[in-house]
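Reader: Before I take descriptive words such as "buried" or "oblique" on trust, I would like to know what stands behind each of them. Could you go through this structure with me and set the values against the definitions?

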Amino acid sequence: MTAPAQRQGEQTAAMSLRGLVKHFDTKLAVSQVSLDVPAGSFYGLLGPNGAGKTTTLSMAVGLLRPDAGQAFLLGYDVWADPAAAKARLGVLPDGVRLFDRLTGPELLAYHGLLRGMDQPTVDQRARELLEVLELGAGNRTLVVDYSAGMKKKIGLACALLHAPRLLVLDEPFEAVDPVSAALIRDILQRYVAGGGTVVFSSHVMEVVERLCDHVAILSDGVLRLNGPLDQVRGDRSLEEVFVQVVGGRVVTGSELAWL
Amino acid sequence: MTGRAVTGRAVTAQAVTAQPGVPPFVRLKLRLLANGLRGRPARIALFVAGVVVSGIFAIIGYAIFAIPGVAHRPGAAAILLPLGGAAIVLGWLFLPLVFFGVDESLDPARFALLPLRRRTLIRGLFAAAIAGLPALATLAATAGMVQTAAQLGGFPAALGELVGVLAGLLLCVALSRAVTSAFATGLRSRRSRDLAAIALAMFAAAIGPLQLAVLAGAQRADWGAVGTVAEVVGWTPVGAPYGIGLEIAAGRWWAAPLKLLIALAAIGGLLRWWSATLENAMIGTVASDRRGAVTDRDPVELLLLPRMPRSRFGALVSREVRYWWRETRRRASLITFTMAGLFLPISLTVSSGSPGAMVIFVGALAALGLANQFGFDSSAYAANITAGVPGRAEIGSRAAAHAIYTLPLLVAVSIVVGALSGHPARIPSTFGLLIAAYGVGLGFVLPASVRAAYAFPASSNPFAMSSGGGLTKGLLAFGVLLGAIVVSLPLQIVALLLGSVWLWIGLPVGVAYGTAAFLIGSGIAADLLDRRAPELLAAVTPNR
């Protein structure tokens, strides 16, 4: 792999997690997760439903306090120096975490001003993002009335608006139609080509296999495998590796006979 | 073709015969309550507190309603039972709207896909609504009326009153469900939202004169007048069920079935009304009519209110101001406060003439709108954490946005109070007192909103609370009101001591007092928020 010459200051890993642990009541949701995301990589976090992907990413970006462990973003400790870490970070949270009673343009303006950007920059970037993502710069529909794909796209636009060095996306392709998915893919690939780092969670193998250069597989809160994609899958398909690692089962002929 | 129709009918017939009764709904509700408590000591403590409060209410209520019987005073009973019963019914109507919300652990929308007939569903939800602490406490309190009837008229009267008390309980629950559901439906569809507000206002206005008559009569010790009012109330649906036993005791056997009929008709009508609005709640929300509207203004201009600074603070305040109107829960809280804020002082000013205590109550009530301000945002609050908004800016902007709505209302309240009490000179000092109470209220509410936040259920009913949520809300509201009234008391005493001087210095002193309290409270809240933002997010995120 011919990595482009990296700029000073990006030598450190874009995201480093050290022994993250989280309990919910008595259930252990995430157990001792440690991993390094190299700067400039496209990193896929894989796992079945309930594996702890969202919990891990929430702890990594400062939304959920870990019971133990540390998280570093671009070299800054998220829990000790949140302001410095968060200034260089863009997040697309899972599901509904948007102020969805605003219109798309209003939501982008809100995020821009919240990040301390000046008005002309916010207006110009917001218009450009709305045009590129085909959301319409003059659209006055409330985000709550958007389709699922449009919600993902406006969430992505909010995360990109302040030109962060690291993007953390929770299930960016879930419930997105193929056309929107292709558009989001192109934007993310351009972002990585420009030197940014993307970390995203998914349980769709095809997407991960096509986009990522690094993957990590999480199940039952434990990190099972991680590293460069080619190293993780070897000469098999990623899906085979995933099902084997996670310990899934296959339905035999005699079960569900009544179907 | 015909064969198909026949099988279709056969399937329907089978489904109809298999309709469940009431017990599964009640069991489901109790199971949800138990699961909500399991492994959560704080919730268990709250639940126990709720049991204690309900128990105290039940004992006091029972004692009051049993006194006329024990003392053998049929005249007092004829006044107390219908009026007391009516007060309880009205409490069931207004307390959920203003303070508690309705326990919607059984969200009707969840049943939309099940093959249930509407009658089955209504019966089940109604039974589940009765299975709860408030209904139990009400039943225990009104049981005092049965004792009174027994003392005055023996077994037949006691039996009649028991039937009446049970009917009264059904009436209370049906009324609170029907009205909150109808109000919620009205608020949801943007076209008719003002209609709901007006309907409620008219209802409140209709209660006003009645209340005035009773208060005026009681003040002049004119029991004849009160008796007449009680007689009239006793024939309205809200008082009728509670008078059945007394009619039997007094030998008017013909009146007992008539009053029962009035109560049952009211219950039936309310259940029909509830059933009609429930249909609407199950189908879902009405889409907004803004679709397709296009503008070419800049995004920042669209977000910010006129004359707001082009900064983070401006963005926070503008977003909050838009949310107070665009989100149904917040709009419902604003509208109910407007109603309560205007009608409480009006009715008390007209009747007694000294609105001081009520003014403090209204000011503190205004602050209560922010008691669960982060709960309104739910998980969307994550955006502000990710952007690293400091606690001071977060708390300050939220209070500022709320004040933009509240201050004009408080001005209106002080003008109304001043004008009605015939002392226009009192308007500035009344406003000063209101501001002081509002500031003190905020001083209590802001830290509480960070420390005691809770998640609203993902229901479309803005009054819906999850199991135990209503209790948290009610206890929080009670604590804040009590605290605000106690802390504002010195000001009230000073006002009384100074007399006419107060008219001149009331406004600046009140504003200074309120501002100081607000600054202290918001400082504490901001520090708390800086330390606990992730915990707060977890607390307001549903289902975690």
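Author: Let me begin with β9(A) in this predicted model, where both faces of the strand are covered, since A:His214, A:Ala216 and A:Leu218 on one side are buried, as are A:Val215, A:Ile217 and A:Ser219 on the other.

Reader: What makes β9(A) a strand that is largely enclosed by the rest of the structure?

Author: A residue is called buried if 20 or more other C-beta atoms lie within 10 Å of its own, and six of the six residues of β9(A) are buried, so the strand is largely enclosed by the rest of the structure. The division into two sides fits a general pattern, in which the side chains of a regular strand alternate between the two faces of the sheet.

Reader: How do you know which strands pair with β9(A), and in which sense?

Author: Two strands count as paired if at least two bridges are found between them. β3(A) and β9(A) have four bridges and run in the parallel sense, with A:Leu46 standing opposite A:Ile217 of β9(A). β9(A) and β10(A) have six bridges and pair in the antiparallel sense, and the bridge partner of A:Val215 in β10(A) is A:Gly227. The hairpin of β9(A) and β10(A) has two residues between the strands, and in it A:Asp220 takes a positive phi near 50°.

Reader: Why is the pairing of the sheet with the order β6-β7-β8-β3-β9-β10 (chain A) called mixed?

Author: This open sheet of six strands has mixed pairing, and examples of both senses can be named: β3 (residues 42-46) and β8 (residues 197-202) of chain A run parallel and are joined by five bridges, one of them with A:Gly44 facing its partner A:Phe200 in β8(A), whereas β9(A) and β10(A) are antiparallel.

Reader: What makes β6 and β10 of chain A the edges of that sheet?

Author: β6 (89-92) and β10 (222-228) of chain A each have a single partner strand, so one side of each is left without a neighbour in the sheet. From one strand to the next, the twist averages 15°.

Reader: Which helices pack on these strands, and at what angles?

Author: Helix α5 (residues 148-160) of chain A lies across β6 and β7 (166-170) of chain A and runs at about 170° to β6(A). Helix α9 (residues 238-246) of chain A touches β3, β9 (214-219) and β10 of chain A, and its direction makes about 30° with that of β9(A).

Reader: Why is A:Arg165 called partly exposed?

Author: The cut-offs are 20 or more other C-beta atoms within 10 Å for buried and 12 or fewer for exposed; A:Arg165 has 18, so this residue falls in between and is partly exposed. A:Arg165 sits in the loop between α5 and β7 of chain A, and, apart from neighbours within four places in sequence, the residues in contact with A:Arg165 are A:Leu74, A:Arg88, A:Gly196 and A:Thr197.

Reader: What is the order of the sheet that has four strands, and which of its strands stand at the edges?

Author: That open sheet has the order β2-β1-β4-β5 (chain A), with antiparallel pairing. β2 (27-37) and β5 (76-77) of chain A stand at the edges, because each has a single partner strand and one side is left without a neighbour. Within the sheet, β1 (residues 15-24) and β4 (residues 68-73) of chain A pair over five bridges, and A:Leu17 has A:Ala71 as its bridge partner in β4(A). Helix α1 (residues 53-61) of chain A packs on the sheet, where α1 touches β1, β2 and β4 of chain A, and its direction makes about 120° with that of β1(A).

Reader: Why is α17(B) called oblique to α20(B)?

Author: The axes of α17 (residues 391-420) and α20 (residues 500-540) of chain B come within 8 Å and cross at roughly 130°. Roughly perpendicular ends at 115 degrees and roughly antiparallel means over 145, so α17(B) is oblique to α20(B). The crossing is right-handed, and the residues of this contact divide into five nonpolar, three polar and four charged.

Reader: How many residues bring chain A and chain B together, and which element of chain A gives the most?

Author: In this model 41 residues of chain A are in contact with 37 residues of chain B. α3(A) gives the most to the side of chain A that touches chain B, with eight residues, and by class that side has 21 nonpolar, eight polar and 12 charged residues.

Methods. Residues numbered from 1 in each chain as written. Chains lettered and ligands numbered in written order. Predicted model: local features only at pLDDT ≥ 70, side-chain atom pairs only at ≥ 80, totals over all residues. Contact = placed C-beta atoms within 7 Å. Nonpolar A, V, L, I, M, F, W, Y, C, P; charged D, E, K, R; others polar. Axes fitted to C-alpha atoms, helices over the stretch in contact; angles between N-to-C directions. Parallel < 35°, antiparallel > 145°, perpendicular 65-115°, else oblique. Left-handed = near helix turned anticlockwise from the far one by under 90°.
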